[in-house]
Amino acid sequence: MKKRSRGTAVIKVDLPLPPDQIIDRIIQKTLLSCPPDTSILDAARRMAEGHCSSIVIIDGGKPIGIWTERDALAVDLTDPESFNRPIASVMSFPIKTIRGGTTIGDAGMRFKLEGVRHFIVVDDAGEATGIVSQSDVILRHGVEHFLVLRNVRSAINRPMVSIAADCSLTEAVGQIHTARADAAVVLGDDATGPGIITERDIIRLIASQKAIPATVGQVASRPLVTIREDDSLLGARNLLEEKGIRHIAVTDKADMLIGLLSFSDILATLQYEYVHRLDEALRERDAALLRSRKDLSLARKVIEASLDGIMIVDSNNQIEFVNPAFTHMTGYSPEEIVGKNPNILKSGHHDASFYQHMYETLAKQDYWQGEIWNRRKNGEIFPEWLTINVIRDEDGTISQFAAIFSDITERKKTEERIKNLAYFDVLTALPNRRLFTDRLQIAIANAHRHGHQMAIMFLDLDLFKRINDSLGHGIGDQVLIETAARLGHCIREGDTVARLGGDEFTILLPEIDHIEDAAKLAERLIAHVKQPFIIDEHELYVTTSIGIAVYPDDGGTVEALIKNADTAMY
């Protein structure tokens, strides 16, 4: 299987956050709720409008049940009257609750043991203060170092549910429900490609009050977002967050679909012992910073031993303390930096809105975490992973900010190398087949949307094998490198030259006014390539064959255009 892409009652709570790493730090403090007599249709509409995966049923100020996207699978879509049933008749109860003081590690363990995806967070009086989901644990708990060491394949622990596009929607929902899955791949063809249907799609369908589509293919979301099985779980988590989705398809090395990955799957793979150790380390670190007001010498011993850079800033934005690791990474000694404003480290890489968002997050949540680019004393700009925690007095007044960071320069370089290996040809540094195909897919979509023509060209160096056989692959490689450079000089900004492999090159022209434009470019390319190559005192002459395919005349899909351009070359 080939891949194809790449009035609502609201409870608001504002509680001071303790220094311990507890779920109160990460809960969603706005609950989507409704009374017990709310209809299924109205509840679904509220969930769809609020982009929420659950709605809490409140009676007398107390949560008595919850209705989730998972529960929507049990609704009879063929009977419109079922949408008018009261939500209390289909809600899940008794409700699963968790105390706000529970550590994130313990919360993660309970998710695994109880097989749920949401907990209502309550205070000591049993009043609802918010809701926490598996996604919150994955996105906002510091497990990046763990996730980067695990690949996507390790999280695929159940068979992928795949459904034919012409299957009825009711039957498709039944298959998902029976498999205890929360999503399924909807098979496609060369024209449409595969898609996906999730529990959230069912909620939106109920909320729309429109006629139920005859087939599941009519409601499937496309294109299907994919990730390779050997990519890291951190990359998968970041892609899910970036796209605002909860499922991503997984492909093997042959680009075959082998499974679906969700936040639930990522959480299931976490080593909860590691999470507990991380919680313990964070509690110890926060406790050391808190005790620094009473026993500064002891706190400094702990902080100075850290390999992470640590900076303490007072409530007036004046630096109070930095540890040796800070000096090592930034070049600023304590004598040079203490008393200064932290903006001395600004790189100019971020605009005012970036810092505004940081300050707003600190004000609301008492912490901020993310990637930031700062400047060393010598002027060098470098990336760091930064965590800022607000330290409050006993009366809740902000007394200090604790900034803890690590230099991620090498990690960024590694990520860039991996990206280049995945999308660029090692010899010529041109885009490879994978990147060319992705750009071609985008170009076809743009041409279809705006109604203009586009073209691709296939180039093959004639009798190139003779050069390799007679002069060696070293000379042949130099010819390929020089050919790539010559092709690049002939195209416009926005066009793409790619190497598919061997002596095969392709050119993507995302927009042309006339077919003759492609023909003229072909003539120019042939003229440039046939100029003599002077390599290691050898004067070589190379000619090229070119095939052209134009959208939409020669095909409307990636496969059709590539096939016809290749055929035209011969």
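**Sheet, helices and a cavity in a four-domain model**

Strands S16 and S17 (residues 381–392) run antiparallel and are joined by nine bridges; two strands count as paired if DSSP finds at least two bridges between them, and the element names refer to DSSP runs numbered from the N terminus (helices are H or I with at least four residues, strands E with at least two). Everything here comes from a predicted model, where local features need pLDDT of at least 70 and side-chain atom pairs count only at pLDDT 80 or more, while totals for chains, interfaces and linings use all residues. Residues are numbered from 1 along each chain as its sequence is written, and side-chain values use heavy atoms, with hydrogens and water left out.

Back to the strand pair: Ile-372 has Glu-384 of S17 as its bridge partner. The pair belongs to an open sheet of five strands, ordered S15-S14-S18-S17-S16 with antiparallel pairing. Strand S15 (319–322) and strand S16 (367–375) sit at the edges with a single partner strand each, so one side of each has no neighbour in the sheet. On average, neighbouring strands of this sheet are turned by 25 degrees against each other, direction ignored.

Two helices lie across this part of the sheet. Helix H13 (residues 352–365) crosses S16 and S17 and runs at about 150 degrees to S16. Helix H14 (residues 409–423) lies across S16, S17 and strand S18 (398–407), at about 130 degrees to S17. For such angles, axes are lines fitted to C-alpha atoms (for helices over the stretch in contact), and values run from 0 to 180 degrees between N-to-C directions.

Further along the chain, helix H16 (residues 464–471) packs against helix H17 (residues 473–490) at an angle of about 145 degrees, their axes 7 Å apart. H16 brings Phe-464, Ile-467, Asn-468 and Leu-471 to the contact, and H17 brings His-473, Ile-475, Gly-476, Val-479 and Leu-480; contact means heavy atoms within 4.5 Å. By class, that makes six nonpolar, three polar and no charged residues. Here Ala, Val, Leu, Ile, Met, Phe, Trp, Tyr, Cys and Pro count as nonpolar, Asp, Glu, Lys and Arg as charged, and the others, Gly among them, as polar.

As for the overall layout, the protein splits into domain 1 (13–134), domain 2 (142–273), domain 3 (306–412) and domain 4 (424–569), with bounds from an automatic or database domain assignment. The C-alpha centres of domain 1 and domain 4 are 55 Å apart.

The largest cavity (on a 1 Å grid over the protein atoms alone, a set of points where a 1.4 Å probe fits but cannot get out, with lining residues having an atom within 4 Å of a point) is lined by Met-47, Ala-48, His-51, Cys-52, Glu-69, Arg-200, Ile-203 and Arg-204. Helix H1 (40–50) and helix H6 (199–208) are the elements that give two or more residues to this lining, and H6 supplies the largest share, three residues. Domain 1 and domain 2 each contribute at least three residues. The lining has four nonpolar, one polar and three charged residues.

One lining residue, His-51, has phi near 55 degrees, a positive value in a residue other than glycine. His-51 is in the loop between H1 and strand S3 (54–59). Most residues other than glycine have a negative phi, and most peptide bonds are trans. A cis peptide bond joins Arg-222 and Pro-223, with omega about -5 degrees; Pro-223 is in the loop between H6 and strand S11 (226–228).

Definitions and conventions
1 Å grid on protein atoms, 1.4 Å probe; cavity = no way out; pocket = protein on both sides within 12 Å on 5 of 7 lines; lining within 4 Å.
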